[in-house]
Amino acid sequence: MGSGDEVVEIDSLERGLLSVPGSGSREDTETETEAEDETVLYTASFEEMEEKFVKYQTAQWITYSLLLVLAWGIGFFMLLYLPVRRYILRKDIRSRKLYLTPKSIVYKVTRPVAFPCFGVLKKEKHVVLASVADVVIEQGYLQSHFGVYSLRIESAGVRRPPSDDVQIQGIGNPSAFRKAVLTRLSYMKNEASSRQLSTVEDIPNLRSNPAASLISPSKSLRHDAFSNTGDLLLQKLEEVGSSVKRVQTLIEEKRSQISESIN
């Protein structure tokens, strides 16, 4: 893949590009504060994988370049472009930010364009946790040689091509990030199921208790009304009965007086 002199020359050119005024150091390329309104549950790291990632991408670039040299000769220009390519890769991985919030997975990156003098490209991706089906860790043959992993976030629902999924290379300790995402998803599912159970339990209470509280007073009111009406009727009947007895007594007295006067 090249002699020792070529590697030394590439490294010196790369250091020259990285030391260009205004390029900034590692601390200067840190992205701004992650989610001001959201709590960051877990933050992935890329710093420890910088050298491995750059070496992996460099080996891949040189392989393609040598193949194209044999084919059309374009690979020669690709080899001349290699120092710029390595500079872009370093700026890329140093700017990457991947973190987990209570509701989403956020991925941010700022990379120079093919010719860094023309500016940078900013990319920010938010993946809603509710739409995440799984987090897949992948490693090809060349990646395994350099110890580089790829992280792929699969979306739930209708199966789409793998190219539509969010794919991130060069993440350090991808298993820890996958575990954090799956743990958060499990917590969200348990929370949703507990809310559904509490809602189902509250519905019968809402249906039964207010009805009982409304029915029982009405029954008591009707019972009181009936009892008061019955007492009034009995009282009236007693009064009528006593009046009838008095009338009968007067009639009998009149009859006795008339019978005595006739005799």
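A nonpolar surface patch is formed by Val 69, Phe 76, Phe 77 and Leu 80, which together offer about 430 Å² of accessible area. Patch residues have over 30% relative accessible area and no salt bridge, with nonpolar side chains (Val, Leu, Ile, Met, Phe, Trp, Tyr) joined within 5 Å and like charges within 9 Å; a salt bridge is a side-chain nitrogen of Lys or Arg within 4 Å of a carboxyl oxygen of Asp or Glu. Areas come from the Shrake-Rupley method with a 1.4 Å probe, and for residues only the protein chains shown count as cover. The model is predicted, with pLDDT of at least 70 needed for local features and 80 or more for side-chain atom pairs, while totals for chains, interfaces and linings use all residues. Residues are numbered from 1 along each chain as its sequence is written, and side-chain values use heavy atoms, leaving out hydrogens and water.

Helix H3 (residues 74–80) gives the most to the patch, with 3 residues; helices are DSSP runs of H or I with at least four residues, strands E runs of at least two, numbered from the N terminus. Val 69 lies in helix H2 (residues 50–71) and counts as partly exposed because its relative accessibility is 36% (buried is under 20%, exposed over 50%, partly exposed in between).

Helix H2 also holds Trp 61, which is buried at 18%. The rings of Trp 61 and Tyr 81 have centres 5.9 Å apart and planes at 40°, so the pair is tilted (centres within 6.5 Å; under 30 degrees stacked, over 60 edge-to-face, the rest tilted; Trp by its six-membered ring). Trp 61, Tyr 81 and Phe 115 form one aromatic cluster.

How values were computed. Buried < 20%, exposed > 50% of the residue type's maximum accessible area, 1.4 Å probe, protein only.
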